[in-house]
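Okay, thanks everyone. I'll keep this short: a pocket to start with, then the disulfides.

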Amino acid sequence: MLTSYAHAADLPGAAAVTPAQGSWTGFYIGSYVGAGLVDTHWGPEAGTAALDNAAAFTDTGAASAAILGGQLGYNYQSGPYVFGVEGELGTGFLSSQARCVLNSISICSTDTDLLATLTARLGYATGNVLVYGKAGAALANNSYTLSGAFLPGQFTGSQVMTGWTLGGGVEVALTPQVSAKVEYSYLDFADADAALQNGFRTTSVPVSQSVQMVKLGLNWRPWGPPLPGTGPSPPSPGRDWTGFYLGAHAGGAWGRDEWSSGTGALAEATGDGNFPGSGSPMGLIGGGQLGFNYQTGPWVLGIEASASASDLGGYARCVTDSWRSAFACQNSVDSLGSISGRIGQSWGDLLLYGKAGAAWVSGASQMFPTTGTTRYTSSGTRWGWMIGSGLEYALTRNVSAFVEYDYYDFGSREQTYSDGADSGTASLRQRLDAVRMGVNYRFGAEGADVAAASAAPILPMGWTAEIGARYFVSNGRTQFDLMDPYEPSRLNSRLTYADSAGQSLETFFRFENRNGLFLKGYAGLGTLSGGDLNDEDFPGAARYSNTLSELDDGHLSYGAVDLGYEFVRQGDNTLGAFVGYRILYQNMNGFGCRQLAGDAICGASDRADYPALLYALGLSETETWQGVALGINTRLQLSERLRLEVDAAYLPYVTFSGTDNHWWRPDINPMVQEGNGWGTQMEAVLSYAVTDRLDIGIGGRYWYFTTDTASTQFPVASARSPMTFYAERYGGFLQASYRFGDVASEDTGLVTKAPPAPFDWTGLYVGGALGGGKGSSSYASPFPLPVSGDAVDLGGAMASVQIGGDYQFGALVVGAEASAGWSNLVGTDTCFSTAEADELSGFNCGSRLKALGTVTGRIGYALDRTLFYVRGGLAWDRRTDSFNNYNFTGQIIDHDSTNTGWTLGGGLDYALLPNLSVGLEYKHFDFGGSSSFTTSAPPSLVGVDLGPDSLSFDMVSLTLNYRFASLERAR
């Protein structure tokens, strides 16, 4: 039988490797990558030398970005306890903005370009796994910028903040000298006064800061005993990497563009000198590479030329003088490449390497006033330098695969921008991070298709790894509702970014130990395009307004890491629980403006060039969601080569940080948003084993996030404006993966593997389900057809319990089931917008499903351990329908009701243990309208049913059932 694990005998040199007892004692050096969240709070005082007309600094800016760095440390092991000391140094494009001077239209920016810690570590080692905690001192280097209307120029400053850090993680020995870790760290910096000056004046502003980091890292121990559970210490060359190679790659890149120091026409546009702007370009790359390696002993030296086409780009606010005008800056990258030297160390079929050299980038840059059509452009090729590192693995004698991280720095250069008549210069600093995955073909390679018998294994005994790549096609929706700062129940505006289509590339991994511990995760980057943006105001300048823009030129990045334990393993089938981390970044841009209803916001203007603006950049939303995930993972071997893997996770705590750019409104561009809430995620992958090591697969994924509390700060407003955010993304992917390691499918000791036996599904069961889904409701409006609205998109999570029974005759199974449980499906949208209500037309409707239940029958077909089935029957819900009538009655009407309907779906159930089955299930729910409720005002709505007349949704869940009768038939 083809198993999901590689046998030890299949690995290079497995027969010659004897795990050593080893020790964690010794010096180590390493590196890490991950995600960081920096919260910088300004205030609450205006400073020791308050600016003219300035009130208190009171806002918080949140920065989320990829981080990278290195560590140096020493461990000493005594018995199972490990004591150590460690220093870390890291960086990333951690730049945040905040509204910080209340009665001035201003922005305070913070760039955190350095994070460092010095900590003591205490850990407990079991085998080749080290669980540890750490605590100590922390340091951050920050640069600040304060700019805005009515301020005497731009204020800048920098400072080093000190504080404390606390964290912990898990480290796993992979080879005698190399270990991998996953770690969380919290850094807290006390209040400190930041001195800001503009060359003439100085003001001192109190600033406090906290940092959260999630990191994946590698540590290398060049000296000392081998790590526990691994083979002999010295690396063995195993394979000869000498020769020319040619290959191809694909991946993604992100970075930082910073503009400053304008002259000519650009200097004239700055007015009082507030020039700088910064942006975060992002996009996909793809290309090829040509190189040569020379190997001596375990060391590999080489040279490589690489070139990539790309679609990197992004927009940033820049060149601003006051609330009356501002520019947008964009820098796009068409291609980039490098000529670099490489040095690496061979571990059999695995090559660990670093690289450095010269780099070039080619593209175009533009600056343009956001309320005009003038374009100042510049283009050309810039040179700089790069440094990077990667892993390459020989799949066959001639073919290898690699994954690589590269950092590019093109420095600061003066560039000339021209609109054909006027010109000026600006300094542009450009930096990029890139992750590439690819394959190489080596010419003239000699030797066997596997490494020599003396080569060290890639992973220690008892471990296996699966590493692969995916192409993810998705669709999504982002919506936010803005309430009034002084009357929080009043809805002021809503922006809905709908049907934003995404394409992304991602890499994923899973490490697992035969004792049940596993570490898995993924990271992806891509583009967003297509879809529509509805911008609604309640009212607009005079009455309800609804405008339409087209979505394009957006970007998407995301990642996850989970640490879990398989509490059941039956051969190749597993069931485990995990705790994890999720991050989702989205940037969406709306172009043009077409008036759909109400005010003529996109209509006449005293600006002669206004019609051209109808096709220009108008609105953008950039947001980052981060959260803690609690979930269940199962892998089911459906046949000799077919495997199903399912993840179901609930995110009980999520943080949100966002920026809203109203490009035609310099007075409120940008609006900084923050909040927290919850989320859910479902994922399923069906994979096929092409060989013992190579899999291909197809899968689907659903994300949903929403806030419980969120807000933004308008300039000159003394109170924050409450907000509610919704974000969902769903789609499918294709994947390919390769397995490494030496875990055989033998009995692991966790669960006794039973011999094959027939299965009988007859009997009673109880169980539970965890899932998520999306749906919609509609409203029966008696008024003219609206341009949008009268329908609400819903999304969220559910958890339920069920009891049921089955009876099997032959291969057919019939049964019945009753279920009930908690749900949290929420959504809001506009309803009755065409009702006569003068300037206060347009109302807000929404629903929250709080409970779900079903009574269903099912019929299925049993095939070995798997039961495929369809089910249908009655369904009920308990929900609250809301109608915001604050403008007329001073209240939001909440109406509770219990509703009945029907459900239809299907799925599979898998006999994991004699008394335990695991399944994946889809259900469609359809309910009629809720019980009627009405209002007494305005007159046009008197007697109108304010509840939805229909509600339906689709739910996917992971199910667990305990069966009172054994599924295995007696022999």
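**A pocket and two disulfides**

So, the second largest pocket: sorted by class, its lining has 17 nonpolar, 14 polar and five charged residues. Keep in mind that what you're looking at is a predicted model. That pocket has a lining of 36 residues in total, and the space in there comes to about 890 Å³. Which residues lie nearest its centre? Those are Asp535, Asp537, His662, Arg665 and Ile668.

Okay, on to the cysteines. How many disulfides do we get, if we ask for sulfur atoms within 2.5 Å? The count is two.

Take Cys318 and Cys329. Their sulfurs sit 1.8 Å apart, and the link is right-handed, with 85° about the S-S bond. Cys318 is in strand 14, residues 315–322, and Cys329 is in strand 15, residues 325–347, so this disulfide ties together parts 11 residues apart in sequence. Buried or exposed, these two, Cys318 and Cys329? Both Cys318 and Cys329 are buried.

Then there's the pair Cys831 and Cys845. Here the sulfur atoms are 1.7 Å apart. This link is right-handed too, with 60° about the S-S bond. What does it connect? Cys831 belongs to strand 33, residues 812–831, and Cys845 to strand 34, residues 843–863, so the bond ties together parts that are 14 residues apart in sequence. And again, Cys831 and Cys845 are both buried.

That's it from me.

Terms used: Residues are numbered from 1 along each chain as its sequence is written. This is a predicted model: local features need pLDDT of at least 70, side-chain atom pairs count only at pLDDT 80 or more; totals for chains, interfaces and linings use all residues. Side-chain values use heavy atoms; hydrogens and water are left out. On a 1 Å grid over the protein atoms alone, a cavity is a set of points where a 1.4 Å probe fits but cannot get out, and a pocket is an open set with protein on both sides within 12 Å along at least five of seven lines; lining residues have an atom within 4 Å of a point. Grid points are joined across faces, edges and corners, and a volume is the space filled by probe spheres set on the points. Ala, Val, Leu, Ile, Met, Phe, Trp, Tyr, Cys and Pro count as nonpolar, Asp, Glu, Lys and Arg as charged, and the others, Gly among them, as polar. A disulfide is a pair of cysteine sulfur atoms within 2.5 Å. Helices (H or I, at least four residues) and strands (E, at least two) are DSSP runs, numbered from the N terminus. Buried means under 20% relative accessible area, exposed over 50%, partly exposed in between (1.4 Å probe, protein chains only).
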